Amino acid sequence: MEVIEAIHQRRAVRDFTGTVIAPDAIEFIISAAIQAPSAVNLQPWVFTVVQDRRVLDLISHESKKHMLLGIEAGTVPSALREHLTNPDFHIFYNAPVLVLISALKSDAWAVEDASLAAENLMLAACAKSLGTCWIGFAQRWLETEEGRRCIALPEEYRPVAPIIVGHPRGEVPAVARKSANIRWIG
């Protein structure tokens, strides 16, 4: 698959078959992720791969509770309440794998660098006919002491990009894009 084709075909997938992903496929997409540029070539990332269904369920459950506290505090949109209070809603949509990209806290550009790695990972997954979705619901709970402990994340890292990976249950239609807002100077 050509890179431009992957850019145009990549979708946020929110329905997965649950079929196990081979370790070599996960290693392939992570090897693409680490090809991302990073400020001063620090490569400040670490990848945590979660495949244990019990851990995925725990993260989903605790993340929903944490987000509900944000609604009550007014820091999370109340429109999300219906999803978060639904006991059948699983934030990982049956995906068999969560790849959490974390970045060094001490690096001023680590979040940007990890985000570049995340895009590479998602494009590589698309090239392998795998679906991905960045799960913002998980991010804030994984930043808590309890969340960090759940995945044994070393203290010097902060969670940046929780990305689920799996086989899409069906085709995901393209979402219309706005025209580019381009400002020319000179």
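This passage describes the helices, selected residue environments and salt bridges of a predicted model.

Near the start of the chain, helix α1 spans residues 3–9 and contains Ile-7. With a relative accessible area of 44%, Ile-7 is partly exposed. Together with Val-3 and Ile-4, Ile-7 makes a nonpolar surface patch of about 280 Å².

Helix α2 comprises residues 23–33, and its buried residues are Ala-25, Ile-26, Ile-29, Ile-30, Ala-32 and Ala-33. Viewed down the axis of α2, these buried residues fall within an arc of 155 degrees, so they line one face of the helix. Exposed residues Pro-23, Asp-24 and Glu-27 are carried on the face of α2 turned away from the buried side. The cover over the buried residues of α2 includes strands β1 (45–50), β2 (97–104) and β4 (157–166), as well as helix α5 (110–127).

Helix α3 runs over residues 53–73; at 1.5 Å a residue, its 21 residues should span 30 Å, and the end C-alpha atoms, 30 Å apart, agree with this expectation. Buried positions in α3 are Leu-56, Ile-59, Ser-60, Glu-62, Ser-63, Lys-64, Met-67, Leu-68, Gly-70 and Ile-71. This set includes polar and charged residues, among them Ser-60, Glu-62, Ser-63 and Lys-64. Elements covering the buried residues of α3 include β1, β2, α4 (81–85), α6 (136–142) and α7 (145–150).

Three residues illustrate the surroundings of α3. Ile-71, itself placed in α3, counts as buried at 8% relative accessibility. Apart from neighbours within four places in sequence, Ile-71 is in contact with Val-76, Pro-77, Ser-78, Leu-80, Arg-81 and Leu-84. The C-alpha atoms of Ile-71 and Leu-84 are separated by 9.9 Å, the two residues being 13 residues apart along the chain. His-90 lies in the loop between α4 and β2 and is buried, with a relative accessible area of 18%. The contacts of His-90, leaving aside neighbours within four places in sequence, are with Arg-53, Leu-56, Asp-57 and Ser-60. Of these partners, Leu-56 and Ser-60 are among the buried residues of α3. Glu-146 is found in helix α7 and is partly exposed, with a relative accessible area of 39%. When residues up to four places away in sequence are not counted, Glu-146 touches Glu-62 and Trp-141. Between Glu-146 and Ile-71 the C-alpha separation is 20 Å, with their positions 75 residues apart in sequence.

Helix α5 has 18 residues and reaches 26 Å from its first C-alpha to its last, close to the 26 Å expected at 1.5 Å a residue. The buried residues of α5 are Ala-110, Asp-113, Ala-114, Ala-117, Ala-118, Leu-121, Met-122, Leu-123, Ala-124, Ala-125 and Cys-126. Their cover includes helices α1 and α2 and strands β1, β2, β3 (131–134) and β4. Just after α5, Ser-129 takes a positive phi of about 65 degrees.

The structure holds eight salt bridges. One of them joins Asp-15 to Arg-169, with the closest N and O atoms 3.1 Å apart. Asp-15 lies in the loop between α1 and α2, whereas Arg-169 lies in the segment after β4, so this pair ties together parts that are 154 residues apart in sequence. Asp-15 is partly exposed, with a relative accessible area of 37%, and Arg-169 likewise counts as partly exposed, at 47% relative accessibility.

A further salt bridge is formed by the side chains of Glu-155 and Lys-105, at 2.6 Å from N to O. Because Glu-155 lies in the loop between α7 and β4 and Lys-105 in the loop between β2 and α5, the pair ties together parts that are 50 residues apart in sequence. Glu-155 counts as partly exposed at 48% relative accessibility, and Lys-105 is partly exposed with a relative accessible area of 38%. Glu-155 also meets Arg-148 in a salt bridge, at 3.8 Å from N to O. Arg-148, by contrast, is buried, with a relative accessible area of 5%. Through salt bridges that share partners, Lys-105, Arg-148 and Glu-155 are joined into one network.

Technical notes
Residues are numbered from 1 along each chain as its sequence is written. This is a predicted model: local features need pLDDT of at least 70, side-chain atom pairs count only at pLDDT 80 or more; totals for chains, interfaces and linings use all residues. Side-chain values use heavy atoms; hydrogens and water are left out. Patches are made of residues with over 30% relative accessible area and no salt bridge: like charges are joined within 9 Å, nonpolar side chains (Val, Leu, Ile, Met, Phe, Trp, Tyr) within 5 Å. Accessible areas come from the Shrake-Rupley method with a 1.4 Å probe; for residues, only the protein chains shown count as cover. A salt bridge is a side-chain nitrogen of Lys or Arg within 4 Å of a carboxyl oxygen of Asp or Glu. Helices (H or I, at least four residues) and strands (E, at least two) are DSSP runs, numbered from the N terminus. Buried means under 20% relative accessible area, exposed over 50%, partly exposed in between (1.4 Å probe, protein chains only). The arc is that of the directions from the helix axis to the C-beta atoms. Contact means heavy atoms within 4.5 Å. The expected span of a helix is 1.5 Å times one less than its number of residues.
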